[in-house]
Amino acid sequence: MLKTYIKIAFKSLLKNKGVTLVNILGLAMGLAICMLIVFYVADELSYDRYNTKADRIYRVNTDIKFGGNASSYAITPPPLAATLVNEFPEVESAARLMHDVGVRIKKGNENIQEDKVAYSDPGIFNIFTLPLIEGDAKTALKDPNTAVITESTAKRYFNDVHVIGKTLVVNSTLNYKITGVMKDVPGNTHFNFDFFLSMASKAEDKSQNWLNYVVSTYVLIKPNASAKTLAARLPAMVKRTFNSMPDNGSNNLDVLEKQGNYVRMNLTPLTDIHLRSNKRYELGINSSIQYVYIFSAVAIFILLLACINFMNISTARSANRAREVGVRKVLGSSRKNLIIQFLTESILVTFVATIVATLAAWALLPLFNQVANKTLTVTPQLIMWLLPALAVIILVIGTLAGSYPAFFLSAFQPVDVLKGKLSAGFKGSRLRNFLVVFQFSISIFLIVGTVVIYNQLHYIQSRDMGFNRNQVLIIKNAQVLNQQAKVLQLEVKQLPGVINATLSGFLPTKSNRAPDAVFSSRAVDAKSALFTEIWNVDADYLNTMGMKMVKGRNFSKALATDSSGVLINEAAAKMLGYYNDPLTKNIYRTTPKGPEAYRVLGIVKDFNFNSLKENITPVVMFLGVDNGALSIRVNTRNYPAFVAQVEQMWKSLNPNEHFEYSFMDEDFNAAYRSEQQTGKLFLTFTTLAVIIACLGLFSLAAYAAEQRNKEIGIRKVLGASVSAIVTMLSKDFIKLVLISFAIAAPLAWFAMYKWLQGFAYRQEVQWWMLPGAGLGAVVIAFITISSQSFKAAIANPVDSLKTE
């Protein structure tokens, strides 16, 4: 019997090749997009879940409010880990990671800059699932100057994985013995390091300074222990340890809290870090759970669009199949048999569409990876759960998409059908109209979302950030040249096209930060404190960066007294109360000899050095030596030749040090890569959603014209113009699109308003965006309909009336 149903369904589908093709294409597009989004969402949700103890691992964070600034940090003081293990029965073990981006590893005769380096406790291998290929995980990082490297790193440096006992030369002078080789860290993790150097090699290992926030601390709680209980006990520990620091005096935590300041610690579950943590000093670039929700909703909406297409087209064909149903019922077919027959057709279409969608998703995966900045692959594990999932999708989607047509068509009464009493015109189905409205509401919502996202991205690119990021070449790690870094700066300045050059590792587009407290009073108490960024710069810094002075003057090379002066940004001036009269004020820093005064020389116009999601915070610039990077503002048309010249100068000064550079505008763009990827994905999905909606609308328009064929013929005989007929056929659809706009516009405005609240600096939803999206939808709908409307309007009326 099933074979008969399939055979009849196959013949029926082949009889209407055009409709079948539209249904298969619409469903296949919807399913392919849905699969790609599911891959994306599954990857995002899988972060850190490869750890077998993931449900018991937590990271300790620090929230600090001091000197007018409140910030959340993913780092803690070094002594915290040992304190948690010794004093808290809930804690099974704890380990620290300290990311170091300034490490140079010798390879051959050259020192290679490695950014994926962390100092770590041996306990890291007990907490995280980081299996060692060689070496003992319990002792591998126990001794100073030992290292564990990944399998791929061992091959990169030694062309072999059996490297236990070999030596890594770090920063030209330090020898680290390799005591372990581990499997590569999975890509779906919030940290991804190639080198784990022993924490015992660093002074921070034995540090008891509770005011030095430099390490990421992870805890593994015991089975059945409560993380809430542990978190509730942290405040008392923080207060006790903070107040135990020597020379705290009046700045103990009780006094600070009375003045509105605080130091707090809290826990973040390991599996929440990637999607729910956006703190300072994260070990990697995290994503947002918001995007997971958005793209999950988009996947569902697009799949609904495809299903609605199928339902609409099937019910629109009811007039064509009504006589078939009537004859079948007269010949004895039951309603049950008819329902099974129609559902078989639906499932068969879904089966073919699913195969096409799977092949399309597989073919498009590399392009999707490029757009989404992912490395998704088709693995055996993926296939194992994908095949059963596809079988369920075929049954569920086939049944849902075909249910209404099946029950709708099978309910026709044979007497009414065979007497020609059935009316199946476009206006005859409220449900079909509702589905069209639903389709275009989704499309308009996505169009508005895409326009708003791209408008915000354009705002980010074009906003005055307070510095000029264009045409600035950054030579990284200039500190490896030691005293010759200054020589390189002076030589570079002599090159044609060079406008200026500055030596400083503190750049608006880099993550190198140095927060500390300064004071407006010689008393250096909490009342006069300002928690700020402390940047060491030279006299060429502002001019090279394109920053502007609001009041006062820049540092001068000609004035030796400027070494005791500072520049502050507008945010610092306002918080210190110095904005109106800054040049008569001093700023104080604590030193072993007591407070040291620095005279304010001027105020620098505020510039963004954090994400636009954050407000501009205070910056205090000191005239000092920092050779972290050499930034060169250059005006040239041949950048490769210029870079080659600078590299040649570098090699002449130190041929063994690796030359590495970037451009400031590229570094800036990298900071907003997540938003750019979201914009590209939104644009892609919106375009495909509109195409799917238009496929359905195209078919509906064709059937509406077919059902009104004789009416059109009579109107033409009576003198109706082509434009009048096109208007008649189009207006019903356009009305539905306008209703869709009225529904989608306020929802889209509210959703994008909430999304924009995540940016401290944003371009609000503009007045033209909603009408523009609505007009665009109307134009797209009219173009889709007009091809069928014009075809019907210019047809010869004799052809439609000759049977009358």
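The following paragraphs lead from the chain as a whole to two helix packings and then to individual residues.

The structure is a predicted model. Its chain contains 24 helices and 24 strands. Along the principal axes, the C-alpha trace extends over about 110 × 60 × 60 Å. Of the 804 residues in the chain, 51% are buried. The accessible surface amounts to about 36300 Å², and carbon and sulfur atoms contribute 58% of that area. Among contacts with a separation of 6 or more, 79% join residues that stand 24 or more positions apart.

Helix 23, which covers residues 769–793, offers a starting point for the interior packing. One of its partners is helix 20, formed by residues 673–707. The axes of helix 20 and helix 23 lie 9 Å apart and enclose an angle of about 25°. Because angles under 35 degrees count as roughly parallel, helix 20 is described as roughly parallel to helix 23. The crossing of helix 20 with helix 23 is right-handed. On the side of helix 20, the contact is made by Val690, Cys694, Leu697, Phe698, Ala701, Ala702 and Ala705. These residues meet Ile780, Ala781, Thr784, Ile785, Ser787, Gln788 and Ala792 of helix 23. By residue class, the contact of helix 20 with helix 23 comprises 11 nonpolar and 3 polar residues, with no charged residue.

Helix 14, which spans residues 430–462, also packs against helix 23. Here the axes are again 9 Å apart, but the angle between helix 14 and helix 23 is about 130°. The two helices are therefore oblique to each other. Helix 14 passes helix 23 in a crossing that is right-handed. The residues of helix 14 in this contact are Phe440, Ile444, Ile447, Val448, Val451, Val452 and Asn455. Their counterparts in helix 23 are Met769, Leu770, Ala773, Ala777 and Ala781. The contact of helix 14 with helix 23 consists of 11 nonpolar residues and 1 polar residue, and no charged residue takes part. Ala781 of helix 23 thus appears in the contact with helix 14 and in the contact with helix 20.

Beyond helix 14, the chain enters a loop that leads to strand 14 (472–476), and Gln471 lies in this loop. The phi angle of Gln471 is near 60°, a positive value in a residue that is not glycine. Gln471 is classed as partly exposed because its relative accessibility is 35%. A second residue with positive phi is Asn482, at about 55°, and this residue is likewise not a glycine. Asn482 is located in the loop between strand 14 and helix 15. With a relative accessible area of 52%, Asn482 is exposed.

Helix 15 itself runs from residue 484 to residue 493 and includes Gln489. In contrast to the exposed Asn482, Gln489 is buried, with a relative accessible area of 0%. Apart from neighbours within four places in sequence, Gln489 contacts Ala501, Thr502, Leu503, Asp538, Asp540 and Leu630.

Further along the chain, strand 16 (515–519) and strand 17 (529–537) are joined by a loop that holds Ala523. Ala523 counts as partly exposed because its relative accessibility is 48%. Although Ala523 and Tyr588 are 65 residues apart along the chain, a distance of 8.9 Å separates their C-alpha atoms.

Conventions: Residues numbered from 1 in each chain as written. Predicted model: local features only at pLDDT ≥ 70, side-chain atom pairs only at ≥ 80, totals over all residues. Heavy atoms only, no water. Helix = DSSP H or I, 4+ residues; strand = E, 2+ residues; numbered from the N terminus. Buried < 20%, exposed > 50% of the residue type's maximum accessible area, 1.4 Å probe, protein only. Axes fitted to C-alpha atoms, helices over the stretch in contact; angles between N-to-C directions. Parallel < 35°, antiparallel > 145°, perpendicular 65-115°, else oblique. Left-handed = near helix turned anticlockwise from the far one by under 90°. Contact = heavy atoms within 4.5 Å. Nonpolar A, V, L, I, M, F, W, Y, C, P; charged D, E, K, R; others polar. Areas by Shrake-Rupley, 256 points an atom, 1.4 Å probe, with all protein chains shown as cover.
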